Amino acid sequence: MKKPNLLSSQAVTCAVLVGGILLITGTFMLVLCTAQYRQNSDLAATSVTRDLIIRAAAGTKTDAVIEAKTGDVYFPQAKLYVPNNPELTDLTYEYDANGPNGPELDVSSRGVFERYASRLYNANNTTQLFERIPKLQACQRGITAIYKPLDSNDKQHVLQQTTDLGNGKMLYVYSEKACPELIETADALKDIASYE
């Protein structure tokens, strides 16, 4: 009777164990690499979408004109200005002569916009990105100044002040409820006046 070759059975066992470990390690690496690829793919798709959204939102406003000599802030198309106020150095605006409520001046702050635009950069996927967009949009719309009060059913805006412009017109200044960060800016517009 022949003795079994222990060396060869140990070698086979060792080879099976090593093969099993390599198979498990390979499978783990494949799963890990696939997950990393998906995450990178999501980030790439998010990056393009995010950049388009930020550029589009930023393009809706123009920097307010600051008179170098006096420091007064002008909104030329609206024929409105605010006397020198250190709190109003980074204002942006959009004027729509034919807004849904008549002539409309929308004012925001570049600093507040950039704060919420930067939060889009922290989104890991498009779901997180789109969850953060409404805040960016609300803060970019910002403060609305119009010549007649909004409908009392409007739930999007808060009346911050009314200002008699001295030219026979009353200006109603509203802020977006979704962007309370601009309430101080709306308050700083209390001295807004018209010019010709």
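This report describes the strand order, the pairing and the helix packing of one sheet in a predicted model.

## The sheet and its edges

The sheet is open and holds 6 strands, which follow one another in the order E1-E5-E6-E7-E9-E8 with antiparallel pairing. Its edges are formed by strand E1 (62–63) and strand E8 (157–164), each of which pairs on one side only. In general, strands of a sheet pair through backbone hydrogen bonds, either parallel or antiparallel.

At the E8 edge, the neighbour is strand E9 (residues 170–176), which runs antiparallel to E8 and is joined to it by 7 bridges. Within this pairing, valine 158 has serine 175 of E9 as its bridge partner.

## Strand E6 and its neighbours

Strand E5 (91–99) and strand E6 (102–109) are linked by a hairpin of 2 residues, and the two strands run antiparallel with 7 bridges between them. One of the residue pairs here is tyrosine 93 with its bridge partner in E6, valine 107.

Valine 107 also stands opposite isoleucine 143 in E7, where E6 and E7 are antiparallel strands joined by 4 bridges. Strand E6 is mostly covered, with 6 of its 8 residues buried.

## Helices on the sheet

Helix H2 (residues 110–121) lies across E1, E5 and E6, and its direction runs at about 65° to E6. Helix H3 (residues 126–141) also packs on the sheet, where it touches E6, strand E7 (143–146) and E9, while its direction makes about 115° with that of E6. Strand E6 is thus among the strands listed for helix H2 and among those touched by helix H3.

Notes. Residues are numbered from 1 along each chain as its sequence is written. This is a predicted model: local features need pLDDT of at least 70, side-chain atom pairs count only at pLDDT 80 or more; totals for chains, interfaces and linings use all residues. Side-chain values use heavy atoms; hydrogens and water are left out. Two strands pair if DSSP finds at least two bridges between them. Contact means heavy atoms within 4.5 Å. Axes are lines fitted to C-alpha atoms, for helices over the stretch in contact, and angles run from 0 to 180 degrees between N-to-C directions. Buried means under 20% relative accessible area, exposed over 50%, partly exposed in between (1.4 Å probe, protein chains only).
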